[in-house]
Amino acid sequence: METNFEEIISCFLERRVGISNDFLPVELAGHLRNNLLRLYKNEALKLAGIGNNHLLSHEKEIRNDKIFWLQNENSDQYEKAFFDLVDAFVLHLNRTCFAGIKSYEFHYAMYEQGAFYKKHIDQFKTDESRAFSMIVYLNEGWKVGDGGELKIYHAATIEIISPKNQKCVFFKSDELPHEVLVTNVKRMSITGWLKTTL
Ligand code: OGA
Ligand code: NI
């Protein structure tokens, strides 16, 4: 666990994007994927908005994933295990980097076939509390051709990240433009933000 945290943080400090390929244990990733698929079948996932929850019609041209916010109170044993992992990571981040993270928010995300999220920055213009973005992927057996890669726009280069099962990606929310390329298969993840306010 600690070695994964160290890997994410050192990779982040070196290249602005921290990655761990096996952040989620494979069993946990499977259970979280089942949760997400169950919510999807029950039509509990809703089209995501862009800023501050106002869903405007044009927003579907920017993103068309469906999301469900995780709630600490209603979480099942697997979501609790996920939050325990995030808590341990935040503790590590605060201890080693004085990051000052006080809270977080996470949602499940389902990108159906053909879905995407155009180039954007995660921090709301009106709210600076989102310090870090964190995404974990739940795509068992992802392969080249499935699409849905995360494309990161560094100052001079572009980085393409495959949304492979168990992987975690971590970066600062206010600086790195990024996009989700069109996916050709269902693309599942948990996406969240570590915040400097409660
Ligand atoms: C987002 C986002 C990236 C991903 O939800 O803001 O950029 O790889 N997600 O799912
Ligand atoms: Ni984003």
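This dialogue goes through a sheet, a hairpin, a metal site and a pocket in a predicted model.

Colleague: What should be known about the model before reading it?

Modeller: The model is predicted: local features need pLDDT of at least 70, side-chain atom pairs count only at pLDDT 80 or more, and totals for chains, interfaces and linings use all residues. Residues are numbered from 1 along each chain as its sequence is written, chains are lettered from A and ligands numbered from 1 in the order written, and side-chain values use heavy atoms, without hydrogens and water.

Colleague: In what order do the strands of the open sheet run?

Modeller: Strands of a sheet pair through backbone hydrogen bonds, either parallel or antiparallel. Strands are DSSP runs of E of at least two residues and helices are runs of H or I of at least four, numbered from the N terminus; two strands pair if DSSP finds at least two bridges between them. Here seven strands follow the order β1-β9-β6-β11-β4-β3-β2, with antiparallel pairing. β1 (17–20) and β2 (46–47) are the edge strands, each pairing on one side only. Nine bridges join β4 (residues 103–111) to β11 in the antiparallel sense.

Colleague: Which residue stands opposite Thr-191 in β11, and is Thr-191 buried or exposed?

Modeller: His-107 stands opposite Thr-191. Thr-191 counts as buried because its relative accessibility is 13%; buried means under 20% relative accessible area, exposed over 50%, and partly exposed in between (1.4 Å probe, protein chains only).

Colleague: How do the side chains along β8 point?

Modeller: In a regular strand the side chains alternate between the two faces of the sheet. In β8 (residues 158–161), Glu-159 and Ile-161 point to one face and are buried, while Ile-158 and Ile-160 point to the other and are not. A hairpin of four residues joins β7 to β8, and Leu-150 stands opposite Ile-161.

Colleague: Which protein donors hold the nickel ion (ligand 2)?

Modeller: Donors are N, O and S atoms within 2.8 Å of the metal (3.2 Å for Na, K and Ca); water is not among the atoms, so sites may look incomplete. The donors here are His-120 (NE2), Asp-122 (OD) and His-178 (NE2), at 2.0 to 2.1 Å, spaced H-x1-D-x55-H in sequence. Asp-122 counts as buried at 8% relative accessibility.

Colleague: Which helix gives the largest share of the lining of the second largest pocket?

Modeller: A pocket is an open set of points on a 1 Å grid over the protein atoms alone, where a 1.4 Å probe fits, with protein on both sides within 12 Å along at least five of seven lines; lining residues have an atom within 4 Å of a point. Helix α2 (residues 26–41) gives the largest share, three residues. Among the lining residues are Asn-35, Phe-68 and Tyr-108.
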